[in-house]
Amino acid sequence: MLNLNVHNYFLRHMQVMLYSLGQLWRTPAATVMTILVIGIALAMPAGLYVLLKNVEEVSSQWDDASQISLFLHHATPDSRGKQLAEQLLTWPDINAVSYQSSQQSLDEFRALSGLDDLLNTLPKNPLPPVIIIQPTASQHEAEALSSLLDRLQNMQEVELAQLDMEWLQRLRTINETGERSITILAVLLSLSVLLVIGNTIRLAILNRQTEIRVIKLVGGTNAFVRRPFLYTGFWYGLLGGAIAWLTLLVTLLTINGPVNRLASLYDSQFVLQWLSGQMFIALPLFGTLLGVLGAWLAVGRHLDNIEPT
Amino acid sequence: MIRFSEVYKRYTNQHEALSGLSFELDKGEMAFLTGHSGAGKSTLLKLIALIERSSHGQVWVNNQNLTRLPKWKVPYYRRKIGLVFQDHNLLHDRTVFDNVALPLIIAGENHREIGRRVRAALDKVGLLGKERSLPIALSGGEQQRVGIARAVVNRPPVLLADEPTGNLDPELSREIMRLFEQFNQVGVTVFVATHDQDLINRMPYRQITLQQGRLA
């Protein structure tokens with residue numbers, strides 16, 4: 001008997017679920033518009049999130065690029081420079097060093113720049129000797145790096161100690177700013193989805209006041225009255241989430257070609273992360289959640305006011 | 001079955017619809033509630049159906065004190081009361097079958113049982129062939145009979161009707177009343193509010209007459 005009741009209960013839910021889908025189907029124009037609004041509102045933060053993840057992916061490729069360039073005074077002889085380099089290698093917070101004399105620097109510059117003739121006219125080599133240091137600390141350990149940097153800067157032979165990570169840190173900070181902005185945007189747009197669904201459900205409730213009164217007159221509980229509206233919210237959210245996913249997919253498909261060309265122009269191994277699998281789960285799920293919640297809020301506010309008279 | 005004890009009903013606008021009303025209806029009894037418009041007939045039925053609550057005094061139905069019934073229990077209580085209205089209160093976007101099935105769907109009956117009972121109820125009111133029609137395609141008398149089928153489909157022990165013949169001609173009115181008699185004969189307590197004095201004077205049932213919220 002209990003089994004039968006449970007069976008009936010699920011059967012009813014399935015029927016109400018399909019019934020509310022049928023109701024939406026009967027007003028296709030209004031339904032499509034609502035779903036599009038929800039879909040676009042969900043697609044925007046999701047798209048920005050994918051963009052952000054890709055920027056992070058790009059910057060993570062330079063993770064090990066943390067290095068310090070130690071420019072020595074011009075007058076420092078090569079022997080002293082090499083000695084210094086060996087000495088630095090014994091420091092526990094330095095992983096690797098390489099010494100580049102001013103002559104080597106000039107040769108490299110000559111080779112890379114192709115300004116051979118011009119360089120020949122210079123009275124003396126303008127480039128200083130350089131020690132390139134790979135610190136043990138990763139770029140995330142900002143304090144360790146800056147303490148190392150300070151100590152290096154204070155050495156007698158050193159003209160300038162430069163951490164080549166500053167621009168990457170800036171990029172990280174920009175990323176973080178982006179992340180927070182996207183979070184705020186996502187919260188606001190989710191709120192708007194909630195309001196859109198709530199308002200749509202409110203109108204549906206007002207349209208069906210008579211029906212609600214009759215149902216209550218013949219013994220319908222609030223839960224029974226609420227159910228079709230919750231399922232309506234469920235469908236709006238689910239379909240809106242699906243639209244958002246499709247929008248995202250089409251967008252990524254559109255920009256994938258140019259992005260790949262851009263990456264190959266920079267000689268990068270970068271491949272656009274689609275996150276389509278994650279989004280395929282997350283967007284409809286989140287949409288559904290918002291849909292049911294919005295419907296619940298609307299029904300809660302208006303249902304009690306509709307009583308038989 | 002139905003007992004009123006010193007019941008007062010005052011609406012917010014100070015209008016007193018019922019003033020110290022006391023009466024009793026036995027189990028299985030059939031009775032008419034009469035009186036002029038505004039005498040309090042509808043209010044009395046609304047108190048029984050718990051659409052309204054009394055301001056003072058107690059209403060008992062089926063040994064249950066309605067004054068003490070919490071709000072969340074009201075739907076379950078209403079399932080044991082069949083209600084028939086003057087304007088039918090049918091859902092016009094659903095078929096006759098679906099209208100009559102509504103109380104059973106709400107009660108969570110299974111599919112087969114619903115089909116069986118809806119057809120039995122429609123058979124009883126003589127509309128078995130119309131189950132696929134929409135209410136709008138039916139005459140006023142037929143719509144009222146759909147309303148009655150819906151009221152009795154889950155076999156409530158009490159059947160209340162508020163001016164069920166208000167919009168019908170005498171011939172149809174008599175048919176509707178005969179239907180109520182049939183339900184009464186199988187043990188249902190029937191209470192019908194009407195001002196159709198000619199019709200009920202020819203029927204052998206008690207008349208409870210209201211005048212300004214009291215028994216006349």
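## Helix packing, domains and the contact between two chains

In this predicted model, helix H5 (residues 140-152) of chain B packs against helix H6 (residues 170-185) of chain B at an angle of about 15°, and the two axes are 10 Å apart. Because angles under 35 degrees count as roughly parallel, H5(B) is roughly parallel to H6(B). The crossing of H5(B) and H6(B) is right-handed. On the H5(B) side the contact is made by B:Gly141, B:Gln144, B:Ile148 and B:Val152, and on the H6(B) side by B:Leu172, B:Glu175, B:Ile176, B:Leu179 and B:Phe183. Sorted by class, the residues of this contact of H5(B) with H6(B) are 6 nonpolar, 2 polar and 1 charged.

Both helices fall within a stretch that has a record of its own: an unreviewed UniProt entry places the feature "domain: ABC transporter" at residues 2-216 of chain B. Over residues 2-216 of chain B, helix makes up 34% and strand 25% of the chain, and the end C-alpha atoms are 19 Å apart.

Chain A is divided into domain 1, which is assembled from residues 2-62 and 169-303, and domain 2, which covers residues 67-164. The C-alpha centres of domain 1 of chain A and domain 2 of chain A lie 54 Å apart.

The annotation "transmembrane region", again from an unreviewed UniProt entry, covers residues 29-52, 182-205, 234-259 and 280-299 of chain A. Residues 182-205 of chain A are 100% helix and 0% strand, with end C-alpha atoms 34 Å apart, while residues 234-259 of chain A are likewise 100% helix and 0% strand, with end C-alpha atoms 36 Å apart. UniProt also lists residues 184-299 of chain A, in an unreviewed entry, as "domain: ABC3 transporter permease C-terminal"; over that span the chain is 87% helix and 0% strand, and the end C-alpha atoms are 27 Å apart.

Two packing pairs in chain A involve helix H2. In one of them, H2(A) and helix H9 (residues 222-265) of chain A pack at an angle of about 50°, with their axes 7 Å apart, and that angle makes H2(A) oblique to H9(A). The crossing of H2(A) and H9(A) is right-handed. Residues of H2(A), including A:Ile38, A:Leu42, A:Ala46 and A:Val50, meet residues of H9(A), among them A:Tyr236, A:Gly240, A:Ala244 and A:Thr251. By class, the contact of H2(A) with H9(A) has 13 nonpolar, 8 polar and no charged residues.

In the other pair, helix H2 (residues 28-60) of chain A packs with helix H10 (residues 276-303) of chain A at an angle of about 135°, the axes being 11 Å apart; H2(A) and H10(A) are therefore oblique to each other. H2(A) passes H10(A) in a right-handed crossing. Here H2(A) contributes A:Ile38, A:Leu42 and A:Ala46, and H10(A) contributes A:Met279, A:Leu283, A:Phe286 and A:Gly287. The contact of H2(A) with H10(A) has 6 nonpolar, 1 polar and no charged residues. A:Ile38, A:Leu42 and A:Ala46 thus appear in the contact with H9(A) and in the contact with H10(A).

Turning to the contact between the chains, 16 residues of chain A are in contact with 15 residues of chain B. Helix H1 (2-26) and helix H8 (209-217) of chain A each supply at least two residues of the side of chain A that touches chain B, and H1(A) gives the most to that side, with 5 residues. By class, the side of chain A that touches chain B has 8 nonpolar, 6 polar and 2 charged residues.

Terms used. Residues are numbered from 1 along each chain as its sequence is written. Chains are lettered from A and ligands numbered from 1 in the order in which they are written. This is a predicted model: local features need pLDDT of at least 70, side-chain atom pairs count only at pLDDT 80 or more; totals for chains, interfaces and linings use all residues. UniProt positions are given in the numbering used here, feature names are shortened, and annotations may be inferred rather than shown by experiment. Helices (H or I, at least four residues) and strands (E, at least two) are DSSP runs, numbered from the N terminus. Domain bounds come from an automatic or database domain assignment. Two residues are in contact if their C-beta atoms, placed from the backbone, lie within 7 Å. Ala, Val, Leu, Ile, Met, Phe, Trp, Tyr, Cys and Pro count as nonpolar, Asp, Glu, Lys and Arg as charged, and the others, Gly among them, as polar. Axes are lines fitted to C-alpha atoms, for helices over the stretch in contact, and angles run from 0 to 180 degrees between N-to-C directions. Angles under 35 degrees count as roughly parallel, over 145 as roughly antiparallel, 65 to 115 as roughly perpendicular and the rest as oblique. A crossing is left-handed if the near helix is turned anticlockwise from the far one by less than a right angle, and right-handed if clockwise.
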